[in-house]
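Thank you all for coming; I would like to take a few minutes to walk through one model with you. Please have the sequence and the structure open while I talk.

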Amino acid sequence: MDGRKIILLVGALVIAAVTAFMARTLMQGSAAPVAGAQQAAPVSSVKVLVATRALPVGTILGPESMKFQPWPEELIQNAYHLEGQTDLKALQGTVVRFAVPAGQPIAQGSLVRPGDRGFLAAALGPGMRAVTVPVSAQSAVAGFVFPGDRVDLILTQSVPGGGDGEPLKASETVLRNLRVLATDQRVDNQTDEAGKTVVSTYSTVTVEVTPKIAEKIAVAQTVGDLSLSLRSIADNATELEEAIASGEVSMPETDDPRAEKAMLARLAARPIEARSSVSTGADISRFQRSSVPGRPPVNAGVNMPPAPPVMPGMVTAQGPVAVTMGPVVRVSRGTSVTAVEVGGKK
């Protein structure tokens, strides 16, 4: 190999080494500004009130329905509730006027406060009615029923009749899964200085029902005494599964999971007027009966003595005898008055 080729080869190696060194230097130098730019990226320090779950129209807000979350400053509007300027306790008990999707800000105009015009109407779902039921401290779970809870309605009555004249004592769960809208005139929960819920008694409870159930409650108030039974949160899902399994409700013919989830939520929130349960006095005590005995037929029996002859002037069970013979004397014995002919036997 001649000297010229050797020189060209060495020069090529030197140029390649210099190029590789310069490329490495450029790569290391450009990484630092990128990292610096990422660290210096501004983070929004402003938090707005957002919905933790989907809030349909008529939802009564509770502490678990909302939270503060960072929000881009360029997207913040004056209608949002900002942290530091909003009292969450004051918003509890308000009703959603316009539906709010999960994770979206809760605008001030989408809420109706207690005492505002149309508050109760906004709390009602489409096609629903509000009915007030009189209760006592004993029949209202000692005041542990709050707005937003769900209750069953129990009717207790005494059924008159029977041969012995004693009434039948019975209790029946006539309605289930009723949403409580208000207790007396309060639609929110009272809290003390420590933030704990204050339990207080009340004399009326307003519940959300269908028009047909509203008619039933109006009649039930005249039949007997009404009391409330507080439901567990897990009962709704259990009863919904039983209704689907029995064919009482049918699933929608759609592959959209969101539509199916929305339908299940509506079914779980519906009042139930079927599957009522009954308890009588015999279920509590062996000395009580389970049904009303029938009355014996009139003049029933064997070897009944003949009826005494009806004398003119006597007062019978059908009324006084119209035909009289001679003067009579009315003899009173307690509450019984008998007309006796003068000269006859008393």
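I will go from the chain as a whole to its strands, then to the cores, the salt bridges and a few single residues.

Let me say at the outset that what you see is a predicted model, and that every value I quote is computed from it. The chain has 346 residues, of which 28% are buried, and its secondary structure comes to 6 helices and 14 strands. The chain exposes about 22,800 Å², with carbon and sulfur atoms supplying 58% of that area. If we take the contacts between residues at least 6 apart in sequence, 66% of them join residues at least 24 apart.

The element I would like to spend some time on is strand S7, which runs over residues 168-183. Of its 16 residues 13 are buried, so the strand is largely enclosed by the rest of the structure. Which strands does S7 pair with? One of them is S6, residues 150-159, which pairs with S7 in the antiparallel sense over 9 bridges, and within that pairing Leu 153 stands opposite Leu 175. Another is S8, residues 204-209, again antiparallel and joined to S7 over 4 bridges, with Arg 179 standing opposite Glu 208. There is also S10, residues 277-280, which pairs with S7 in the antiparallel sense over 4 bridges; here Glu 172 has Val 278 as its bridge partner.

While we are on S7, please look at Asn 177, which is found in this strand. Its phi is near 60°, a positive value in a residue other than glycine, and I mention this with the background that most residues other than glycine have a negative phi. Why do we call Asn 177 buried? Its relative accessibility is 2%, and the cut-off for buried is under 20%.

Turning to the nonpolar interior, the largest core has 22 residues, and those with the most contacts inside it are Leu 153, Val 207, Val 209 and Ile 217. The elements that give two or more residues to this core are strand S5 (129-134), S6, S7, S8, helix H4 (211-223) and strand S9 (225-230). Apart from this core lies another, of 11 residues, including Met 66, Phe 68, Leu 91 and Leu 111. Returning to Val 209, and leaving aside neighbours within four places in sequence, we find it in contact with Met 128, Arg 129, Val 131, Leu 178, Ala 214, Ile 217 and Pro 271. Thr 206, in strand S8, is buried at 7% relative accessibility, and its contacts, with the same neighbours left aside, include Ala 130, Val 131, Thr 132, Arg 179 and Val 180.

Now to the charged pairs: how many salt bridges does the model contain? The count comes to 4. In one of them the side chains of Arg 176 and Asp 152 meet at 3.9 Å, N to O, and this pair links distant parts of the chain, with Arg 176 in S7 and Asp 152 in S6, 24 residues apart. In another, Arg 231 meets Asp 152 at 3.0 Å, N to O; Arg 231 sits in the loop between S9 and helix H5 (233-246), 79 residues from Asp 152. Arg 176 and Asp 152 are both buried, and Arg 231 is buried as well. A further salt bridge joins Lys 212 and Glu 215 at 3.8 Å, N to O, and because these two lie 3 residues apart in helix H4, they are separated by about one helical turn. Lys 212 is partly exposed at 47% relative accessible area, and Glu 215 is likewise partly exposed at 48%. Salt bridges that share partners join Asp 152, Arg 176 and Arg 231 into one network.

Two places remain. Leu 82 lies in the loop between strand S2 (66-70) and helix H2 (88-91), yet this residue is buried, with a relative accessible area of 18%. Its C-alpha atom is separated by 6.3 Å from that of Leu 49, 33 residues away along the chain, and its contacts beyond four places in sequence are Val 46, Lys 47, Val 48, Phe 68 and Ile 76.

Finally, there is a nonpolar patch on the surface, formed by Ile 6, Val 10, Val 14, Val 18, Phe 21 and Met 22, with about 570 Å² of accessible area together. Phe 21 belongs to helix H1, residues 3-39, and is exposed, with a relative accessible area of 58%.

Conventions
Residues numbered from 1 in each chain as written. Predicted model: local features only at pLDDT ≥ 70, side-chain atom pairs only at ≥ 80, totals over all residues. Heavy atoms only, no water. Buried < 20%, exposed > 50% of the residue type's maximum accessible area, 1.4 Å probe, protein only. Pairing = 2+ DSSP bridges. Patch = residues over 30% accessible without salt bridge, like charges linked within 9 Å, V, L, I, M, F, W, Y side chains within 5 Å. Areas by Shrake-Rupley, 256 points an atom, 1.4 Å probe, with all protein chains shown as cover. Core = buried A, V, L, I, M, F, W, Y, C linked by side-chain atoms within 4.5 Å. Contact = heavy atoms within 4.5 Å.
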